[in-house]
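Trainee: Got a minute to go through this one with me? I'd like to start with how the helices pack.

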Amino acid sequence: MTPDRFFTLMLLLKSRDAVTTQELASALGVSLRTITRDLNWLRDAGLPVTAHRGRLGGVTMLPGSGLDLTRLTPGERDHLSLTGLDEKQRAELNASVESQRALSKIVATQPRRVHELLPLTDVVHVDSRPWRQARASGTTPASLIGAVRRGRRLRIEYDSPRESCPRDLVVDPYGLFAKAGIWYLVADCARVPRMYRLERITTWKEVDQPRRIRESQTLATVAAALIDQWEHNHAIEVSATIDQTQIVSATGES
């Protein structure tokens, strides 16, 4: 279990009287099997997690977990609920200060015992960026996140590599999506879902209209559908350097 997922799971359990495993899996974007393994991990760690079957049942966290949500500000809880981001991506969202402050409050409530294992956060560091990533330009996540959270339509100028000049588009944003070290704006354009790389958004401004997203669709569902569509419709190009002597040798043997 990643530190982000641990804290998000703890926040969900502490903020609700009871929650089903399906609700937990949906909130964290993982499978039921993973949630079951995470809950077992919490029990093995000595945290008072209980589960009750039936229509009115669910998973609950009994008093004594050591996670005091009253010590966290609303902003700290909000930033702590972000999952899957590394330190650089949190900084790109201007979320690193709030996240670190929240983590320090939680860690302070759980002093390390003598001979206890070192915390995972001390011995595991995650960097999800690809190797040899070029320096990003264009729009930054931090500059756009406020407009996205206000739920407004956006007018963007998008410099697509398939077009001879930038296009002026009005989009209805679902939110920002980080994939393989690259930030995207996920939005509907004329009711059609699209994914726009932030580095190719040259300019943008808010439109004085609320966003008009499709009913029952969320950032997670739209992003998953777009990824599935891309992987199904796009071939992967591979470049290779061939040794001429090997070609001659192979030809001579045939």
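Mentor: Sure, terms to begin with: axes are lines fitted to C-alpha atoms, for helices over the stretch in contact, and angles run from 0 to 180 degrees between N-to-C directions. Helices (H or I, at least four residues) and strands (E, at least two) are DSSP runs, numbered from the N terminus. This is a predicted model, where local features need pLDDT of at least 70, side-chain atom pairs count only at pLDDT 80 or more, and totals for chains, interfaces and linings use all residues. Residues are numbered from 1 along each chain as its sequence is written, and side-chain values use heavy atoms, with hydrogens and water left out.

Trainee: OK, at what angle do the axes of helix 2 and helix 3 cross?

Mentor: Roughly 105°, and the axes of helix 2 (residues 21–28) and helix 3 (residues 32–44) come within 9 Å. That makes helix 2 roughly perpendicular to helix 3 (65 to 115 degrees; under 35 is roughly parallel, over 145 roughly antiparallel, the rest oblique).

Trainee: Which residues make the contact?

Mentor: Thr21, Gln22, Leu24, Ala25 and Leu28 from helix 2, with Leu32, Ile35 and Leu39 from helix 3; contact means heavy atoms within 4.5 Å. By class that's 6 nonpolar, 2 polar and no charged residues. Ala, Val, Leu, Ile, Met, Phe, Trp, Tyr, Cys and Pro count as nonpolar, Asp, Glu, Lys and Arg as charged, and the others, Gly among them, as polar.

Trainee: Switching to strands: how many bridges join strand 4 to strand 5?

Mentor: 7, and the two run antiparallel; strands pair if DSSP finds at least two bridges between them. They form a hairpin with 2 residues between them, and alanine 180 in the turn has a positive phi of about 55°. Lysine 179 stands opposite isoleucine 182 of strand 5.

Trainee: And what about strand 3 with strand 4?

Mentor: Also antiparallel, with 5 bridges joining residues 152–158 to residues 167–179. Arginine 155 has valine 170 in strand 4 as its bridge partner.

Trainee: How many aromatic pairs turn up in the whole structure?

Mentor: Just 1. The ring centres of tyrosine 158 and tyrosine 196 are 5.1 Å apart with planes at 75°, so the pair is edge-to-face. Rings of Phe, Tyr and Trp (its six-membered ring) pair if their centres lie within 6.5 Å; planes under 30 degrees apart are stacked, over 60 edge-to-face, the rest tilted.

Trainee: Are those two tyrosines, 158 and 196, buried or exposed?

Mentor: Both tyrosine 158 and tyrosine 196 are buried, meaning under 20% relative accessible area (exposed is over 50%, partly exposed in between; 1.4 Å probe, protein chains only).
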